[in-house]
Amino acid sequence: MSILVRNPGTGEPLGEVPDLSADAVVAAIADAQKGQRAMAAMPGHERAALLRRVADLIEGEIESLAGLLASENGKPLTQCRGEVEAAVRIWRGYSAEATRLFGRQTPMDAVPGMERHLAVTIREPLGVVAALVPFNYPVELYSHKAAAALAAGNAVVVQPPAKCPLALIRVAELVEEAGAPEFAHQIVTGGVEVSTTLAEAPGIAAITLTGSTNAGRAIAKLASGTLKKVFLELGGNDAMIVCDDADVAAAATAVTLGRLARGNGQICCAVKRVYVQDGVHDAFVAELSAQAAKLVVGDQMDDGTDVGPLITEQAAEEVEKAVGRLVGEGARLVVGGGRRGSFVDPVVLVDVPVESPTFAEEIFGPVAPIARFADPREAAALVSDSPYGLHASVFTRDVSRAFTLAKLLDVGGVIVNGSTAIRAENLPFGGTKDTGGYREGLHETVLDFTRQKTVLVMEAFG
């Protein structure tokens, strides 16, 4: 069987990929054991050089990869170009980490009677890592997983998103061209059966997923049977708090560029809830509405497009339904809301009741719902009263207020005077609660993909 990949805006067929069976995935996992042995035997400087070559090859194809990604994913071409550029940085960043897998020496004279012994720890690869990649930023998020796995001496089996696998398949060809050992890096295409097999298989030492909270729960449950390590970066319902001393224009721009016109609103760390203090509420709404109304919705291959099609028409229908529910719960539609196939006009809603069930959900599309608040501490409590806890944003000119709110917020990261839709590869990225609890980043992930071994030399000191 095969999966037909289409342009989400036009419906044009772009290619077919195999919908692999469980047996085919098991065979790939068996092959990966050979690839892992080759990676583990490779010195750190050679692994680093391999990753640098991959980065160079990706860099040489930025334009073609960005075009391919935009055509299958729906994000505007300029944003896809930025994603591929981020992937280049990530591969180069992990190449450096491949030479910094430090162990440590532990003073044994801390234990009575063991003063003459010497203990050191060394880091070794876990084995074979399975990487499950989402559709919204596939090249960037894949890079964090695959580059980290290879840097640490593992093999990696990658499941690309079924709806847009083509760019990752091309990157896999570049990894092979760069000289990766046979079977050290494999792509397995398909749907739920592929994910299930990777989660259950005893030949997988660790599985890493960026995806929905429901998917994360299912993968964790399946993986528990073999006690493999599980790394989950899951959903979010990120909030922005706009205080009455904020730069209103800058706050509105952060929502426009960090939600409505970024990834077509399909980003886990996008601004999905906006809480605005009474004193600046009307000015903020006016500014955001004016900016949203100017956004260009259209062909993602056009450099002038701000918002392209969502990944599927069904995804756009779900966003349309969520907007309808918000209005039914008391919100007022100010801007947008129209849908044409997979395209959704950016939405601004006001007077959203803070107790709205839909406001508490993750809406994966270009929608900005706005609620009022009177006291910043009240807003912090509303933000934290969520099953998710990825990012939050605070707009204020008061440094003390910014740090006070940052401490109160139950999230993985707080951005002051900026959008939540930001990710720097050298910072730990992840959240609390149903967001998964994991942190992914250059310095964190490569260590997570290793295990420590203790070597104790008895009577080392005469």
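Which residues does glycine 430 touch, not counting residues up to four places away in sequence? Keep that in mind as you look through these close-ups of a predicted model.

**Figure 1. Glycine 430 and the residues around it.** Here is the answer to the opening question: glycine 430 touches Leu390, Gly412, Gly413, Tyr438 and Arg439, once residues up to four places away in sequence are set aside. To find glycine 430, look in the loop that runs between strand S19 (413-416) and strand S20 (432-433). Glycine 430 has a relative accessible area of 2%. It counts as buried because that value is under 20%. You can also look for glycine 441, which is 11 residues from glycine 430 in sequence and 9.1 Å from it in space, C-alpha to C-alpha.

**Figure 2. Histidine 391 in strand S18.** Strand S18 covers residues 391-395, and histidine 391 lies in it. Is histidine 391 buried or exposed? With a relative accessible area of 8%, histidine 391 is buried. Try tracing its contacts: leaving aside neighbours within four places in sequence, histidine 391 is in contact with Asp238, Ala239, Cys269, Val411, Gly413, Ile415, Thr420, Ile422 and Phe429. One of these, Asp238, is worth a second look. Histidine 391 and aspartate 238 are 153 residues apart in sequence, yet their C-alpha atoms are 5.4 Å apart in space. Gly413 may ring a bell here, since glycine 430 touches Gly413 and histidine 391 is in contact with Gly413 too.

**Figure 3. Helices H7 and H8 packing together.** This view shows helix H7 (residues 192-200) with helix H8 (residues 213-223). Their axes are 7 Å apart, and the helices pack at an angle of about 40 degrees. At that angle, H7 and H8 are therefore oblique to each other. The crossing of H7 past H8 is right-handed. On the H7 side, look for Ser195, Thr196, Ala199 and Glu200, which meet Ile219, Leu222 and Ala223 in H8. Sorted by class, this contact has 4 nonpolar, 2 polar and 1 charged residues.

**Figure 4. Asparagine 264, with a positive phi.** Asparagine 264 is not a glycine, although its phi is positive, at about 55 degrees. You will find asparagine 264 in the loop between helix H9 (248-260) and strand S11 (273-277). What is the relative accessible area of asparagine 264? The value is 0%, so asparagine 264 is buried.

**Figure 5. Lysine 433, another residue with a positive phi.** Lysine 433 is a residue other than glycine, and its phi is near 55 degrees. This lysine is found in strand S20, the strand that follows the loop holding glycine 430. Lysine 433 counts as partly exposed, at 34% relative accessibility.

**Figure 6. Stepping back to the protein chain.** After the close-ups, here is the wider setting: the chain has 14 helices and 21 strands. Its radius of gyration is 23 Å, close to the 23 Å that the globule rule gives for 462 residues, so the chain is as compact as a globular protein of that length. Along its principal axes, the C-alpha trace spans about 75 × 60 × 40 Å. How many of the 462 residues are buried, as a percentage? Buried residues make up 55% of them. Among contacts with a separation of 6 or more, 73% are between residues 24 or more positions apart. The contact of histidine 391 with Asp238 is an example to look for, given their separation of 153 residues.

Technical notes: Residues numbered from 1 in each chain as written. Predicted model: local features only at pLDDT ≥ 70, side-chain atom pairs only at ≥ 80, totals over all residues. Heavy atoms only, no water. Helix = DSSP H or I, 4+ residues; strand = E, 2+ residues; numbered from the N terminus. Buried < 20%, exposed > 50% of the residue type's maximum accessible area, 1.4 Å probe, protein only. Contact = heavy atoms within 4.5 Å. Axes fitted to C-alpha atoms, helices over the stretch in contact; angles between N-to-C directions. Parallel < 35°, antiparallel > 145°, perpendicular 65-115°, else oblique. Left-handed = near helix turned anticlockwise from the far one by under 90°. Nonpolar A, V, L, I, M, F, W, Y, C, P; charged D, E, K, R; others polar. Rg over C-alpha atoms; globule rule 2.2 N^0.38 Å.
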